[in-house]
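Biologist: I have not worked with this structure before, and I would like to go through it slowly with you. Could you show it to me, so that I can put my questions one at a time?

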Amino acid sequence: MFNGMTATVKDIEARLGSLRDELPPHITLIAVSKTHPENAVLAAYHFGQRVFGENKVQELLAKAEVLPKDIEWHLIGHLQSNKVKHIVPFVSMIHAIDSLKLLKEVEKRAARVDRVIDVLLQMHIAEEESKFGFDKTELLALLHSTEVEQMNHICIRGLMGMATFTNNEDQIRREFRSLKQLFDDVRTSFFKEKSTFDTLSMGMSGDYQLAIEEGSTMVRIGSSIFGSRS
Ligand SMILES: *Cc1c(COP(=O)(O)O)cnc(C)c1O
């Protein structure tokens, strides 16, 4: 199941240490451990990291079962409705809500276990066709719906997006900037009374510096901490 080139414990500590020095204090670091073994997560954990991200439900469940219970698990990848029930009892945040159907399922399952789940709405900002996420019109329609307003077991904490996979920094910056603009607009129009809309999840190993310059509050970093994935 796990392959690629997981970094050594010393490397993981060194990389986490320098990220900690580098990241401004208002930025939350999600250590993305997907495809890396449990002992890599533990190395980061023992170095003080508590927030981890996984992109597949099966892998998240397998790791959460055996790893320390005070880890905050974020599901950062695409989520299918039929898998929501498995993660809702313990997950800290779901980053990739990309349909009303999925949001309804999270609400329903969270109600059953009497939890309120923090979620982010995933926006499609990249030029690639394949990426999931809402466009602006869809986002506004969702936020205007009375159905969403009546959901008491989800808390919409903000937006998430992924820039185009390119070396063109101007393009990446433009995409992040437009997401930040949308985030600010949505906060003003829909969440004025609620300070809970406070999270903009953007930036990965290759582009987190740009993302932070453009207003990110949460970065999802995998390979720069744990090593490459095959
Ligand atoms: C894998 C993944 C990341 C981390 O990617 P790196 O380039 O390894 O930092 C961030 N966000 C999502 C949604 C991912 O699937």
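The exchange below takes up the ligand, then the salt bridges, and then some single residues and a helix.

Biologist: Before we go into detail, what kind of model is this?

Modeller: Local features are described here where pLDDT is at least 70, and side-chain atom pairs count only at pLDDT 80 or more. Please keep in mind throughout that the model is predicted.

Biologist: Which residues come nearest to the ligand?

Modeller: The shell around the ligand divides into six nonpolar, four polar and three charged residues. Of the 13 residues around the ligand, the ones that come nearest are K34, S205, G222, S223 and R229.

Biologist: How far is an oxygen atom of the ligand from an N or O atom in the side chain of S205?

Modeller: Several polar contacts can be listed for the ligand's oxygen atoms, and a polar side-chain atom of R229 takes part in one of them, at 2.7 Å. With G222 a polar backbone atom is involved, and there the distance to an oxygen atom of the ligand is 2.8 Å. For the side chain of S205, the distance from its N or O atom to an oxygen atom of the ligand is 2.5 Å.

Biologist: How much of the ligand does the protein bury?

Modeller: An oxygen atom of the ligand lies 2.7 Å from a polar side-chain atom of R229. The ligand, when taken alone, exposes 390 Å². Of that area, the share that the protein buries is 91%.

Biologist: Turning to charged side chains, which residues are linked in a network of salt bridges?

Modeller: A search of the whole structure finds 13 salt bridges. One of them joins R173 and E213, with the closest N and O atoms 2.7 Å apart. This pair links distant parts of the chain, as R173 is in helix α8 (residues 169-190) and E213 is in helix α9 (residues 208-213), 40 residues apart. The network of salt bridges consists of R173, R177, E213 and E214.

Biologist: Is E214, which also meets R173 in a salt bridge, buried or exposed?

Modeller: The side chains of E214 and R173 meet at 2.7 Å, N to O, and they too link distant parts of the chain, E214 being in the loop between α9 and β9 (218-221) and R173 in helix α8, 41 residues apart. R173 has 23% relative accessibility and therefore counts as partly exposed, while E213, at 55%, counts as exposed. Because its relative accessible area is 9%, and buried means under 20%, E214 is buried.

Biologist: About how many helical turns separate D184 and R187?

Modeller: The side chains of D184 and R187 form a salt bridge of 3.4 Å, N to O. D184 is partly exposed, with a relative accessible area of 24%, and R187 is partly exposed as well, at 33%. Because D184 and R187 are three residues apart in helix α8, they are separated by about one helical turn.

Biologist: Which residue's side chain is joined to that of D118 by a polar contact of 2.9 Å?

Modeller: D118 is found in strand β6 (residues 117-123). Leaving aside residues up to four places away in sequence, D118 touches S92, M93, I94, C155 and R157. The polar contact of 2.9 Å joins the side chain of D118 to that of R157.

Biologist: Is V219 buried or exposed?

Modeller: V219 lies in strand β9. Among the residues it touches, not counting those up to four places away in sequence, are L23, I27, L29, M202 and Y208. Because its relative accessibility is 0%, V219 counts as buried.

Biologist: Which elements do the buried residues of α2 pack against?

Modeller: In helix α2 (residues 38-46), the buried residues are A40, V41, A43, A44 and Y45. Just after α2, G48 takes a positive phi of about 105°. The elements against which the buried residues of α2 pack are β1 (5-6), α1 (9-22), β3 (51-54), α3 (57-66), β4 (72-75) and α10 (223-226).

Biologist: How far apart are the C-alpha atoms of A110 and N152?

Modeller: A110 lies in helix α5 (residues 100-112) and, at 0% relative accessibility, counts as buried. Not counting residues up to four places away in sequence, A110 touches V88, R115, I117 and H153. A110 and N152 are 42 residues apart along the chain, and the separation of their C-alpha atoms is 9.2 Å.

How values were computed. Residues numbered from 1 in each chain as written. Heavy atoms only, no water. Near = heavy atom within 4 Å. Polar contact = N/O pair within 3.5 Å; in protein donor to acceptor, adjacent residues only side chain to side chain. Areas by Shrake-Rupley, 256 points an atom, 1.4 Å probe, with all protein chains shown as cover. Nonpolar A, V, L, I, M, F, W, Y, C, P; charged D, E, K, R; others polar. Salt bridge = Lys/Arg side-chain N within 4 Å of Asp/Glu carboxyl O. Helix = DSSP H or I, 4+ residues; strand = E, 2+ residues; numbered from the N terminus. Buried < 20%, exposed > 50% of the residue type's maximum accessible area, 1.4 Å probe, protein only. Contact = heavy atoms within 4.5 Å.
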